[in-house]
Amino acid sequence: MTRLKAHELRGKKKEDLEEQLLQLKQELAQLRVAKVTGGQASKLSKIRVIRKNIARVYTVMNQNQKLNLRKFYKGAKYKPKDLRPKLTRALRRRLTPKEESMKTRKETRRLARYPPRKYAVRA
């Protein structure tokens, strides 16, 4: 089995990917048996390629799953935490723009009683 390309895997359906994964796992099991029984060097070097191919298939499956979840939750008020933007801890905890713009009752009274002074500027 040659090295799989991720872009080729992305075009396949989920069922096809699962089927290919099953084939790769069976082939890996056969190669491991060959390793124990003292198989050829060419078979032993194939183990690494097969393992990487399995990882590629899993990666593509997970990416497709996440993409579908993003489509499902698009525009939703609440999203799962792994679909929210990562940012930094401080940015995730900051006030929202609405909370930032809100004023206390005391502050609104003070602004009403003492509005900011306007100065005429000579041109």
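These are my notebook entries on what I looked up in this structure, which is a predicted model.

**Entry 1: salt bridges**

I started with charge pairing. Side chains of opposite charge can pair when their charged atoms come close. How many salt bridges does a search of the whole structure find? I got 2.

I took the pair of Lys46 and Glu27 to begin with. Their closest N and O atoms sit 3.5 Å apart. I then checked where the partners are: Lys46 belongs to helix H3 and Glu27 to helix H2, with their positions 19 residues apart in the sequence, so the pair links distant parts of the chain. Is Glu27 buried or exposed? Glu27 comes out buried, at 17% relative accessible area, because the cut-off for buried is under 20%. Lys46, on the other side of the bridge, has 29% and is partly exposed.

Next I looked at Asp82 and Lys66. In this salt bridge the closest N and O atoms are 4.0 Å apart. I noted that this pair also links distant parts of the chain: Asp82 is in the loop between H3 and helix H4 (89-93), Lys66 is in helix H3, and they are 16 residues apart. For accessibility I wrote down 46% for Asp82, which is partly exposed, and 32% for Lys66, also partly exposed.

**Entry 2: charged patches**

I moved on to the surface. Which residues form the negative patch? I found Glu15, Asp16, Glu18 and Glu19 there. I picked Glu18 for a closer look and placed Glu18 in helix H2, which runs over residues 14-36. Glu18 has a relative accessible area of 38% and counts as partly exposed. Patch members need over 30%, so Glu18 passes that cut-off.

The positive patch I listed as Lys81, Arg84, Lys86, Arg89, Arg92 and Arg93. One member, Arg84, I traced to the loop between H3 and H4. Arg84 is partly exposed at 40% relative accessibility. That value also clears the patch cut-off of over 30%, so I was happy to see Arg84 in the list.

**Entry 3: inside helix H3**

I wanted a buried polar residue, and picked Asn53. Where is Asn53? I found Asn53 in helix H3, residues 41-73. Its relative accessibility is 0%, so Asn53 counts as buried. I then asked which side chain Asn53 contacts. The side chain of Asn53 makes a polar contact with the side chain of Arg56, at 3.0 Å.

I also checked Arg70, which is in helix H3 as well. Arg70 is partly exposed, with 43% relative accessible area. From Arg70 to Pro80 I get 9.6 Å between C-alpha atoms, with a sequence separation of 10 residues.

**Entry 4: a backbone angle**

I checked phi for Leu87. The angle is near 50°, a positive value in a residue other than glycine. Leu87 sits in the loop between H3 and H4, where I had already placed Arg84 and Asp82. The relative accessibility of Leu87 is 48%, so I filed Leu87 as partly exposed; the cut-off for exposed is over 50%.

**Entry 5: distances to Thr108**

Last, I took two C-alpha distances that end at Thr108. Ser42 and Thr108 are 79 Å apart in space and 66 residues apart in sequence. Ser42 is in helix H3 and is partly exposed at 46% relative accessibility.

What is the C-alpha distance in space between Gln30 and Thr108? I get 76 Å, for a sequence separation of 78 residues. Gln30 is in helix H2, and I logged Gln30 as exposed because its relative accessible area is 56%, against a cut-off of over 50%.

Notes: Residues numbered from 1 in each chain as written. Predicted model: local features only at pLDDT ≥ 70, side-chain atom pairs only at ≥ 80, totals over all residues. Heavy atoms only, no water. Patch = residues over 30% accessible without salt bridge, like charges linked within 9 Å, V, L, I, M, F, W, Y side chains within 5 Å. Areas by Shrake-Rupley, 256 points an atom, 1.4 Å probe, with all protein chains shown as cover. Salt bridge = Lys/Arg side-chain N within 4 Å of Asp/Glu carboxyl O. Lys, Arg positive; Asp, Glu negative; His and termini not counted. Charge placed at Lys NZ, Arg CZ, Asp CG, Glu CD. Helix = DSSP H or I, 4+ residues; strand = E, 2+ residues; numbered from the N terminus. Buried < 20%, exposed > 50% of the residue type's maximum accessible area, 1.4 Å probe, protein only. Polar contact = N/O pair within 3.5 Å; in protein donor to acceptor, adjacent residues only side chain to side chain.
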